[in-house]
Protein chains: 2
Amino acid sequence: MNLANLTSTDIIDGIFNNDIALVSKAITLIESTKAEHRTMANDIVQACISNHNTVRIGITGVPGVGKSTFIEQFGTLLTNLGKKVAVLTVDPSSRITKGSILGDKTRMLELAKNPNAYIRPSASGSTLGGVARKTRESIIVLEAAGYDTIIIETIGVGQSETAVHSMVDFFLLLKLAGAGDDLQGIKRGIMEMADLIVINKADGNNIKNAELSKTEFTRALHMFPPKENGWSAEVLTCSALENKGLRKIWQVISTYCSLMKDSGFFAKNRQKQNEQWLVQYLEQEVLTAFYDNNKTKELLPELKDEVMNGKTSPFAAAEKLLKLLK
Amino acid sequence: MNLANLTSTDIIDGIFNNDIALVSKAITLIESTKAEHRTMANDIVQACISNHNTVRIGITGVPGVGKSTFIEQFGTLLTNLGKKVAVLTVDPSSRITKGSILGDKTRMLELAKNPNAYIRPSASGSTLGGVARKTRESIIVLEAAGYDTIIIETIGVGQSETAVHSMVDFFLLLKLAGAGDDLQGIKRGIMEMADLIVINKADGNNIKNAELSKTEFTRALHMFPPKENGWSAEVLTCSALENKGLRKIWQVISTYCSLMKDSGFFAKNRQKQNEQWLVQYLEQEVLTAFYDNNKTKELLPELKDEVMNGKTSPFAAAEKLLKLLK
């Protein structure tokens, strides 16, 4: 089959038949910036929208925390439990380093060979907003293809955690015990987003430290007000390397999903996320159109110069340009 | 003089003559949302722009840290050193509580009576962006009126710290010693913005605790990468209540200004801030125009419903609206 001549309908059929080549093709179209690809991607995503019984899990943690090993082992556990697992990575930095594209393939060798798992390297993009959009659309396609457990990994720096948090049902923060990491870990924003904190590498000489960290993080979590949905984040330890403690993590996630589905929060949260995507995407496109306008392109650099040299106030300069655009 | 019939020129003249009534009138115009007031305010701000030899100091800290007493004592010290001090507050919450309008007057009684100090309650506004804009324009007017030391206080919650950081030369974080505050204080973002951390209430039984906190914060600061401008934030203790340690704080700020002026960073930073104001204000206005558009007002609620009910993808919905607007 020549993938280049496929219609949207061919690809949609392929997705519903869990044809991996066509699932990948769909995601490639989603990641493309060409207008004709975007049209096809929109048709495909629209056809894939449905209320599948899936769970979207966000996983974050600083480099070195052992995310790859964790996802490799955790993903394998889930496939052993009969799940179909898809792994996506949100890494806006990869557009520069291009590192993770090769990296992802070699990082999770075992899971990559697993017929019930699908690993997709990070979408590239010039903005976090662009990368986030592609990831969100890919989730919809993967769920239509039958993947019921979607893992979204983020690299644990900057704003990508907030983006991932806004597209998942459950947010897991991986930590290391001891050393400076404890202090740096108290990033209030991340702590507040976490539904579960897992201290990884609780093995060998590190077990005692991990337990100490567990106590410390549990205490820190108590300082935050309770979540809107009534869930209290907890702290667990695990060793991804020795494959210990992973089943307990899945139990917590399952309990969470079950409670949140019963209370209605699960569905309400996805609705709210959809609304946020709409608003974010609209605002992003409106601003892009503004910056692409020829008058803006012509005048903005001049105005910036004037403002930077203190010749005019930022607000007067802005109003000059806005008047011209009206 | 009937303040209602003044022209922009009258007010500009008044500002340059340090006529307090006309300075206040100018800020009232800046804070107004009426179109004719905005036109006058733009003229006034434009005329006031100049490179005055001033320092803009941001002060933040959680409620209870003693900001009012600190600013009262610190402002008095500065006027004793021959400075002319203006105090502004960025408190986007005050539009709801309206508390600080009365509060500011009673909070800093001594400074309010000082002929070389000017205290202005928080501008009200529906958005932090709006409040920030008004504060920035007020700074320009106050500097033209001869105030050489501008203190911008923020309430220490949410995004207002970032807004204030983007309009000052020096950012001071007030802290309390001991208790849960230490842990909560390790908000990475705020720590990174601070040029100086001051542990307040280092008096009575609290002196030892304050010294311990100083050590702890100094250690925490070492975990951050050095600042672009070469400055290393330090930690001091003070007692605003007993008027101890304030002179040392002013020495640090003076040293900072002198070093940064020599290196060129001081001027470069103000230029960069001006450029940021331009961009932020432009984007805010572009989005406001989008939301005020009749087609947006008509269609957006429907599209939100469709998206929330899973009938259409957020991106397809957005593109539908964007096409209509073109």
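Leaving out neighbours within four places in sequence, B:Gly58 is in contact with B:Ile152, B:Val164, B:Val168, B:Phe170, B:Phe171 and B:Leu172, where contact means heavy atoms within 4.5 Å. This is a predicted model, in which local features need pLDDT of at least 70 and side-chain atom pairs count only at pLDDT 80 or more, while totals for chains, interfaces and linings use all residues. Residues are numbered from 1 along each chain as its sequence is written, chains are lettered from A and ligands numbered from 1 in the order in which they are written, and side-chain values use heavy atoms, with hydrogens and water left out.

B:Gly58 belongs to strand β1 (residues 55–60) of chain B. Helices (H or I, at least four residues) and strands (E, at least two) are DSSP runs, numbered from the N terminus. The relative accessible area of B:Gly58 is 0%, so the residue is buried; buried means under 20% relative accessible area, exposed over 50%, and partly exposed in between, with a 1.4 Å probe and protein chains only. Measuring from C-alpha to C-alpha, B:Leu173 is 8.3 Å from B:Gly58 in space, although 115 residues separate the two in sequence.

The sheet of chain B comes next. It is an open sheet of seven strands with parallel pairing, in the order β3-β2-β4-β1-β5-β6-β7; two strands pair if DSSP finds at least two bridges between them. Its edge strands are β3 (117–120) and β7 (234–237) of chain B, each of which pairs on one side only. On average, neighbouring strands are turned by 20° against each other, with direction ignored. Axes are lines fitted to C-alpha atoms, for helices over the stretch in contact, and angles run from 0 to 180 degrees between N-to-C directions. At the β3 edge, strand β2 (residues 85–90) of chain B runs parallel to β3(B) and is joined to it by four bridges. Within this pair, B:Val87 has B:Ile119 as its bridge partner.

Strand β4 (residues 149–154) of chain B contains B:Glu153. Is B:Glu153 buried or exposed? With a relative accessibility of 3%, B:Glu153 counts as buried. Its side chain and that of B:Thr89 are joined by a polar contact of 3.1 Å. A polar contact is a pair of N or O atoms within 3.5 Å; within protein, one must be able to donate a hydrogen and the other to accept it, and residues adjacent in sequence count only if both atoms are side-chain atoms. Beyond four places in sequence, the residues in contact with B:Glu153 include B:Ile59, B:Lys67, B:Ile71, B:Arg107 and B:Met108.

Two helices of chain B also meet. The axes of helix α14 (residues 265–292) and helix α15 (residues 294–308) of chain B come within 5 Å and cross at roughly 70°. That angle makes α14(B) roughly perpendicular to α15(B); angles under 35 degrees count as roughly parallel, over 145 as roughly antiparallel, 65 to 115 as roughly perpendicular and the rest as oblique. B:Phe290, B:Tyr291 and B:Asp292 make the contact from α14(B), and B:Asn294, B:Thr296, B:Lys297 and B:Leu300 make it from α15(B).

Chain A has 16 helices and seven strands. Of its 326 residues, 53% count as buried. Among contacts in chain A with a separation of 6 or more, 75% are between residues 24 or more positions apart.

The seven strands of chain A form an open sheet with parallel pairing, ordered β3-β2-β4-β1-β5-β6-β7. Strands β3 (117–120) and β7 (234–237) of chain A stand at the edges with a single partner strand each, so one side of each has no neighbour in the sheet. At the β7 edge, four bridges join strand β6 (residues 196–200) of chain A to β7(A) in parallel, and A:Ile197 has A:Val235 as its bridge partner.

Strand β4 (residues 149–154) of chain A is largely enclosed by the rest of the structure, because six of its six residues are buried. In a regular strand the side chains alternate between the two faces of the sheet. In β4(A), A:Thr149, A:Ile151 and A:Glu153 are buried on one side, and A:Ile150, A:Ile152 and A:Thr154 are buried on the other. Strand β1 (residues 55–60) of chain A is joined to β4(A) by five bridges in parallel, and strand β2 (residues 85–90) of chain A pairs with β4(A) in the parallel sense over six. A:Ile151 is the bridge partner of A:Ile57 and also of A:Val87.
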